[in-house]
Amino acid sequence: MKRKILAYNFEFSETLDHLRDRFDVDIFEKINPKIDPDFLQALKHAEGIVGLALPVDKELLDCAPSLKIVSNNSTGFNNLAIGEMTKRGVMGTNTPGVLEDTTADAIFGILLAAARRIPELDRFVKAGHWKQHLTRNEYAIDVHHKTLGIIGMGKIGSLIAKRGHLGFDMNILYHNRTRNLEAEKKYNAVYSELDTLLKEADFVCLMTPLIPETENLIGEREFKLMKKSAIFVNGSRGKTVDEKALIEAIKTNEIHGAAIDVFQREPVSAEHPLLQYPNVVTTPHIGSSTHETEYKMAQLAVENLLAGLTGKRPKNLINPEVLD
């Protein structure tokens, strides 16, 4: 009898094809893993899971006594109860080092879109409103030579700084748990206290991971510190921002606008207040969403899975103590 693998919301299922001779592969898409009977039945015998955003908690682990590895098709792994997995000897892996440039492109892209009002003016043209020369009502704001403040100067934050400084002659301020000396040298990035960054930046770009210390990091107080001409960009996680405070800041013109790729609840409701403002650019968590990058991530996720199931150490093991 072949060992069982479950693929959950795994877009490039063809990357699993070479495993089918050795494993019984079940693919699940658009199901509720808490109640789907076929998924729960398969879980009883699964030794490996590969996929995106599957909540791997105590409840799921209780239903998967044979589980050896969960291969997350994502750089983040907030969906994995790593402590609980480690107690049970279950490996967890992720896919870092693949999406950084692609995500930096996307986040700098929505920054540009918000500053130059590209989505709004696209609708303006398509609606037939372009009848004459543009007036002040349609003017946007410059990006070049402005100050870009980056909160979270990790790999993606550094690549956003690179695009801003080398491509648009922007001044770079950053706030991070530790100094990023490489970014300081390459992009003239200046380390700043958070409040100083919020006060001085023309664009405030949030790129922190979601950890207890960063949940609701940006709220009412922080928005009030920003310039009224500032544009806020969130490319981190939805829960790093108090959305009610952001809505209020937009509603009362506390800030000039926003570009949001992540929300507290995803997919976001069509009735969400942030979707109603023309000066807020919204995208559906597109950071890594290109064909090339997603395929590379899927391949890496499968490599991690296969290593864990064949007695090897996965390249991207999150909880190495499970092998101690």
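Me: Why is Leu-159 called buried or exposed, whichever applies?

Reply: Leu-159 has 16% relative accessibility. Buried means under 20% relative accessible area, exposed over 50%, partly exposed in between (1.4 Å probe, protein chains only). Therefore Leu-159 counts as buried. Leu-159 sits in helix 6 (residues 155–168). This is a predicted model: local features need pLDDT of at least 70, side-chain atom pairs count only at pLDDT 80 or more, and totals for chains, interfaces and linings use all residues. Residues are numbered from 1 along each chain as its sequence is written, and side-chain values use heavy atoms, with hydrogens and water left out.

Me: Which class does Trp-130 fall into, and why?

Reply: Trp-130 reaches 56% relative accessibility, so Trp-130 counts as exposed. Trp-130 lies in the loop between helix 5 and strand 6 (147–151). Helices (H or I, at least four residues) and strands (E, at least two) are DSSP runs, numbered from the N terminus.

Me: What makes up the nonpolar patch on the surface that includes Trp-130?

Reply: Val-125, Trp-130, Leu-134 and Tyr-139 form the patch. Their accessible area together is about 440 Å² (Shrake-Rupley method, 1.4 Å probe; for residues, only the protein chains shown count as cover). Patch residues have over 30% relative accessible area and no salt bridge (a side-chain nitrogen of Lys or Arg within 4 Å of a carboxyl oxygen of Asp or Glu), and nonpolar side chains (Val, Leu, Ile, Met, Phe, Trp, Tyr) are joined within 5 Å, like charges within 9 Å.

Me: How far apart are Leu-159 and Ala-183 in sequence and in space?

Reply: Leu-159 and Ala-183 are 24 residues apart in sequence. C-alpha to C-alpha, the two are 9.0 Å apart in space.
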